[in-house]
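Me: I would like to go through this model feature by feature. Please begin with how far the coordinates can be trusted.

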Amino acid sequence: MRTYAPATTRAVLDELLEEPSLARGVVHHEVIEARTAEHGEWPAWLDGRILAGLAKRGIERPYTHQADAIEAVHAQQDVVVVTPTASGKSLCYTIPVLQSLAEDPSARALFLFPTKALGQDQVAELGELVLDAGLEVSAACYDGDTPAPIRSAVRKAGQVVVTNPDMLHSAILPHHTKWFQLFEQLRVIVIDELHTYRGVFGSHVANVLRRLLRLCRHYGSNPVIVCCSATIGNPGELAEQLTGRPMRLIDRNGAPSGEKHLLLVDPPVLDPATGARGSALTLAQRWSLPFLRAGRQTVVFGKSRVAVEIMLSNLRETLRADLGPRSRIRGYRAGYLPTERRAIERGLRDGEVLGVVSTNALELGVDIGRLDVAVLAGYPGSIAGTWQQIGRAGRRGDVSVAVLVASQSPVDQYVIHHPEFVLGGRPEEARVDADNLHVLLAHVRCAAFELPFEPREWFGPGAADDLLAFLGEGGTVRQADDGRWYWSSENFPASEVSLRAAAPENVVIIDTTPDRPRVLGEVDLFAAQVLVHQHAIYLHESVQYHVDRLEWGERKAYVHRIDADHYTYANRAVTLKPLDVFAEAPGTGGRRVHGEVMVSSLVTLYKKLKFLTDENVGWGPVDLPEIELQTTAYWLTAEQAGIGWRRDQLDVALIGAGRAIQAVAAVLLMVDPRDLGLVSQVRSPHHEAPTIYLYEAMPGGVGLSERLFARHAELVDGAADLLRACACDAGCPACTGPRLEPDVDGKALALRLLAALGAGSQGPATVVERAAAPVA
């Protein structure tokens with residue numbers, strides 16, 4: 001029987017580093033030194049009650065970034081504050097807002113958060129400070145969970161309205177006449193977690209903010225805007241793209257931090273011939289267990305919902321066998337009900353929950369208190385995401401540990417053996433395309449519903465008259481005799497526009513085990529295909545549920561609780577058809593192309609895999625309709641490079657080269673590898689030649705494929721670099737992907753194809769060096 005003796009984080013780490021089976025996998029051990037706080041002074045104009053409230057909370061002086069931001073906002077400057085996790089960014093806007101309300105109770109503020117949970121968190125935190133300061137401030141959430149009577153009170157008397165972009169778009173802006181007190185007296189707009197507003201979602205939010213500021217002008221207010229962001233490559237540029245205003249960047253962090261140990265760990269090679277390695281999930285569990293046994297609060301991050309549930313099941317089972325704190329280990333991911341997630345957050349703050357296994361849902365700044373250890377089972381896909389997950393440990397200044405365990409994927413293997421990529425690399429640039437014609441037209445319709453357009457009135461990139469004339473042909477707007485454009489349709493346009501176009505409707509999961517069926521959770525349509533198909537084993541809080549049936553038309557899955565020794569994994573078949581070519585150019589051995597494609601996804605069968613061993617113990621068919629995705633893609637053809645190949649060898653070469661190109665593309669563009677899908681065709685019906693496609697995994701795309709088209713030569717060179725640098729004999733999951741044909745040298749075939757496509761013509765520069773180059 002094991003004993004569970006409390007120990008310090010540093011003591012546990014030292015023991016682990018003396019364990020040979022774990023220590024030999026440590027590729028890099030970085031010690032990030034502790035830093036002391038840098039303080040400023042509270043401004044002389046700050047209300048004494050607020051100072052007293054801050055003192056009660058133990059805040060005697062502001063950090064330098066807080067002092068800079070507070071003064072700037074008071075001086076009516078628009079700012080973007082960029083500092084690490086848990087550096088006190090929220091005080092940068094709450095103090096100026098409370099000062100405005102102390103001076104004038106009729107003042108109003110609008111706080112925007114990307115999720116309801118963050119909004120509720122902020123209301124609670126603001127309420128505590130208001131109570132300590134002895135102020136009377138009405139702050140409330142206005143979201144989908146707000147009851148109708150409270151909504152009415154918030155509209156009439158809410159001094160601080162906390163909401164999310166979706167509610168602002170569909171429930172506040174279209175009904176602005178009910179919110180005239182807010183719009184007339186709006187002094188401050190807060191946009192928190194700025195870095196989440198990227199891609200399609202960010203493009204929509206930029207237009208929602210255009211509509212918001214248009215209504216502010218109508219009501220005679222000119223609010224200052226405060227943006228807060230985690231570390232990204234272009235915070236000032238992103239804030240200006242979203243708001244349409246010049247922003248002052250404040251990024252001189254004054255918050256203290258404790259000593260942090262960052263370990264990059266590679267699972268052991270199990271088969272030198274194939275390059276197969278041990279499971280990242282199993283190794284992540286081995287690193288986290290000693291910390292949990294020592295009473296150190298630990299978060300383990302998994303890259304998928306299934307990975308989270310598998311690790312949660314295994315950790316709980318191990319701790320139960322050892323008479324350990326099993327019930328204090330919880331899961332946290334999308335699909336859990338809001339009440340479950342709030343209870344887990346409270347448990348982490350008050351210490352009742354010792355460990356949590358989470359997807360990236362905990363990356364955002366939900367207050368979960370002080371954690372000692374963060375273990376990442378797989379590279380999160382971006383530098384910014386990695387540092388946010390690492391930042392969850394050591395939030396209050398003590399010694400902390402962060403362990404990044406690589407998976408077998410090519411991107412993970414590249415990152416783990418190039419520590420400078422994570423430690424010294426430039427964080428990703430978040431990009432939006434607010435002037436995308438489809439997005440812009442949708443929000444011009446919404447804006448016309450809210451307020452008539454004046455002749456030659458600007459909206460976004462220029463005067464809206466041409467767009468309004470186009471809408472007028474469809475009968476939704478008309479130009480009156482006074483020259484103004486009026487909404488003339490009976491439809492409610494905001495209800496037809498989803499800000500999160502990449503996230504369609506959800507499937508509700510219903511547990512039929514109890515006498516009265518209950519809603520267990522929900523998953524989006526794309527995930528439902530692989531998680532809740534008929535006969536799937538669905539994992540929720542490490543409890544297993546058998547899916548009895550999936551009513552696809554009703555968007556409902558019916559499950560009952562079981563106890564099984566396996567889980568299910570569904571195979572997704574992807575087909576791709578080009579629709580349009582935007583640009584193409586000749587290249588060595590073939591052509592490079594950028595265009596629009598239709599991607600069809602179909603799940604055809606599932607496997608039954610045993611826990612711990614992943615042994616395949618059976619399979620079954622899946623009968624579900626296809627899901628289609630219209631998006632943009634970059635592809636390269638091999639008309640000349642593909643001559644003289646046997647078909648079976650060319651198939652292996654295309655898959656291997658494609659996997660390497662996909663990995664290098666994620667590094668070059670500094671994006672999540674899951675943002676780019678891969679399809680290879682030995683003979684593309686469109687080009688009648690061997691073709692490798694990289695498509696954007698979101699409707700309409702967000703400009704990644706255009707940038708890949710511009711950096712074609714670097715992609716081909718980088719893919720060859722990746723393959724040559726791999727220590728395997730003939731291809732492995734870390735370079736060409738799993739070896740489907742054991743007797744075929746996939747690595748040599750992929751290198752041969754890449755050489756025919758021009759690899760080597762740019763010299764030996766590394767991918768990291770190229771990643772630092774300006775992006776086209």
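Reply: Among the elements of the protein chain, helix H25 (residues 767-771) has the lowest mean pLDDT, 42, and S6 the highest, 96. Here pLDDT is the predictor's confidence in each residue, from 0 to 100, and helices (H or I, at least four residues) and strands (E, at least two) are DSSP runs numbered from the N terminus. Over residues 763-776 the pLDDT is below 50, yet this stretch has 34 contacts (heavy atoms within 4.5 Å) in the model beyond near neighbours in sequence. Where pLDDT is low, the predicted coordinates should not be read in detail. For the protein chain the mean is 85, with 91% of residues at 70 or more.

Me: What conventions apply?

Reply: This is a predicted model, in which local features need pLDDT of at least 70 and side-chain atom pairs count only at pLDDT 80 or more, while totals for chains, interfaces and linings use all residues. Residues are numbered from 1 along each chain as its sequence is written, and side-chain values use heavy atoms, with hydrogens and water left out.

Me: Which order do the strands of the seven-stranded open sheet have?

Reply: Strands of a sheet pair through backbone hydrogen bonds, either parallel or antiparallel. Two strands pair if DSSP finds at least two bridges between them. In this sheet the order is S4-S5-S3-S6-S7-S2-S8, with parallel pairing. Strands S4 (139-141) and S8 (248-250) are the edges, each pairing on one side only. From one strand to the next the twist averages 15°. Strands S3 (residues 108-112) and S6 (residues 186-191) are joined by five bridges, and phenylalanine 111 has valine 190 of S6 as its bridge partner.

Me: At what angle do the axes of H3 and H5 cross?

Reply: Axes are lines fitted to C-alpha atoms, for helices over the stretch in contact, and angles run from 0 to 180 degrees between N-to-C directions. Helix H3 (residues 48-56) and H5 cross at roughly 140°, their axes coming within 10 Å. Arg49, Ile50 and Leu54 of H3 meet Leu91, Ile95, Leu98, Gln99 and Ala102 of H5. Helix H5 (residues 91-103) also lies across S2, S3, S5, S6 and S7, at about 160° to S3.

Me: Are the two faces of strand S14 covered or uncovered?

Reply: In a regular strand the side chains alternate between the two faces of the sheet. In S14 (residues 355-358), Gly355 and Val357 on one side and Val356 and Ser358 on the other are all buried (under 20% relative accessible area, 1.4 Å probe, protein chains only; exposed is over 50%, partly exposed in between), leaving both faces covered. Strand S12 (residues 298-302) pairs with S14 in the parallel sense over four bridges.
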